[in-house]
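Q: Got a minute to go through this one with me? I'd like to pick at a few spots.
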Amino acid sequence: MLNPRSPSPATAAPGPASAPAPLHGLFITGTDTGVGKSHVTATLLRALAAAGWQAGGLKPLAAGLPPLPGGGHGINEDVALLAAHGQALRDPALVGPCGWPEPCAPHVAARLVGERITPQRVMAGIGRAWQAMAAGGSAAPRALLVEGVGGFVVPLSDDDAPAWDTADLAAALGLPVVLVVGLRLGCLSHALLTAEAITARGLRLAGWVANRPLAEPMAHEAANVATLGHWLQRRFGAACWGLLPHDATPEAPVRAAAAIDAAALQAALRGAVWSGDGVPVAAPAVDAAAAAPAA
Ligand SMILES: Nc1ncnc2c1ncn2[C@@H]1O[C@H](COP(=O)(O)OP(=O)(O)OP(=O)(O)O)[C@@H](O)[C@H]1O
Ligand SMILES: C[C@H](N)[C@H](N)CCCCCC(=O)O
Ligand SMILES: [Mg+2]
């Protein structure tokens, strides 16, 4: 059983100067892997910093660790990106608590090194990041942006010990969801299917961001974005928070932050207070009891 931590419906305005501000959160998903969830999350972190928030990024599950020349593995690139752009959470061990070397489906990557992905282990990692963010004494509003892995429903096991997926993880956190739409042919159906799945898990689609991961814009981009805007608003009440240009430079998230509707982003966060109920206090970094027997 995961630790449910539903956001309370509190108003969540920044508190008085003497009181630590509450922690707010959003879950970032995408229409697929490689559509720009990390790029957009980094951009949202920059947009929040520009608006006076203390913001950090979290990648609870990371598949793909670069091999180091001398042996061992380095930091996952999503984790490095979120740590670089999230001013309030810089330690890669907190930003990316669970990682596996192979860049593939996470439960496969875990199994390749004799591990299982258990809810206890993942929630413990999230709990450590939550505590690090919540412990800050600043009265500035604080936000933790949680990046999913792949699309919205990625299996985290392939048996019943336990049977769970990334949508279960999002549901357990109970945070409003932001959908990153990678602008390429096929994104209309992928976006609407994802929005349906988010709603089916009892979560709210807070907003969506159109992103151009490809150097060449998709054909009829404006018509596609307008169509998505219409359907996502009409069926899910979700507005587009911006269209991010293709920009492969390291400063892209800083530059692109201006393209984000900061008012909509902040409004979504203010309604998403992430209470500490159920956050594990001193959980192990590795759930050894759940490690799969070596094959
Ligand atoms: N707007 C953009 N301009 C230029 N490059 C981009 C843009 N968005 C994404 N990319 C690039 O596309 C690739 C995939 O983006 P990103 O890693 O953010 O995807 P993702 O959805 O987070 O993938 P994953 O499922 O692996 O987490 C990366 O190399 C990234 O730098
Ligand atoms: C390795 C890659 N970049 C992602 N981190 C993992 C994507 C998993 C996708 C699983 C799937 O839906 O097939
Ligand atoms: Mg990513």
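Q: Let's start with Pro155: is Pro155 buried or exposed?
A: In between. This is a predicted model, and in it Pro155 has 17 other C-beta atoms within 10 Å. Being buried takes 20 or more and being exposed 12 or fewer, so Pro155 comes out as partly exposed.

Q: Where is Pro155 found?
A: Pro155 sits in the loop that runs between strand 5 and helix 6.

Q: And what is Pro155 in contact with, leaving aside its neighbours within four places in sequence?
A: His107 and Asp165. As for spacing, Pro155 and Asp168 are 13 residues apart along the sequence, with their C-alpha atoms 9.4 Å apart.

Q: OK, ligands. Which residues are around ligand 2?
A: Thr33, Ala63, Gly64, Pro103, Cys104, Ala105, Val149, Gly150, Gly151 and Val154. By class, that shell splits into 6 nonpolar and 4 polar, with no charged residues.

Q: How many residues surround ligand 1?
A: There are 19, and the closest are Thr33, Gly36, Lys37, Ser38 and His39. The shell around ligand 1 has 6 nonpolar, 9 polar and 4 charged residues.

Q: Which element gives the largest share of the ligand 1 shell?
A: Helix 1, with 3 residues.

Q: Sticking with helix 1, at what angle do the axes of helix 1 and helix 2 cross?
A: Roughly 10°, and the axes come within 9 Å of each other. Since angles under 35 degrees count that way, helix 1 is roughly parallel to helix 2.

Q: Which residues meet there, helix 1 to helix 2?
A: From helix 1 (residues 37–50) you have Ser38, Thr41, Ala42, Leu45 and Arg46, and these meet Asp78, Leu81, Leu82 and His85 of helix 2. The residues of that contact are 4 nonpolar, 3 polar and 2 charged.

Q: Switching to helix 5: which residues in helix 5 are buried?
A: Arg121, then the run Val122, Met123, Ala124, Gly125, Ile126, Gly127, Arg128, Ala129 and Trp130, and also Met133. Helix 5 covers residues 119–134 and reaches 21 Å from its first C-alpha to its last, close to the expected 22 Å.

Q: What covers the buried residues of helix 5?
A: The cover includes strand 1, strand 2, helix 3, strand 5 and helix 6. Strand 5 and helix 6 are also the two elements on either side of the Pro155 loop.

Q: Last one, zooming out: how many helices and strands are in the protein chain?
A: 10 helices and 8 strands. The chain has 295 residues, of which 45% count as buried. Among its contacts between residues at least 6 apart in sequence, 78% join residues at least 24 apart.

How values were computed
Residues are numbered from 1 along each chain as its sequence is written. Chains are lettered from A and ligands numbered from 1 in the order in which they are written. This is a predicted model: local features need pLDDT of at least 70, side-chain atom pairs count only at pLDDT 80 or more; totals for chains, interfaces and linings use all residues. Axes are lines fitted to C-alpha atoms, for helices over the stretch in contact, and angles run from 0 to 180 degrees between N-to-C directions. Helices (H or I, at least four residues) and strands (E, at least two) are DSSP runs, numbered from the N terminus. Angles under 35 degrees count as roughly parallel, over 145 as roughly antiparallel, 65 to 115 as roughly perpendicular and the rest as oblique. Two residues are in contact if their C-beta atoms, placed from the backbone, lie within 7 Å. Ala, Val, Leu, Ile, Met, Phe, Trp, Tyr, Cys and Pro count as nonpolar, Asp, Glu, Lys and Arg as charged, and the others, Gly among them, as polar. A residue is near a molecule or strand if its C-beta atom, placed from the backbone, lies within 6 Å of it. The expected span of a helix is 1.5 Å times one less than its number of residues.
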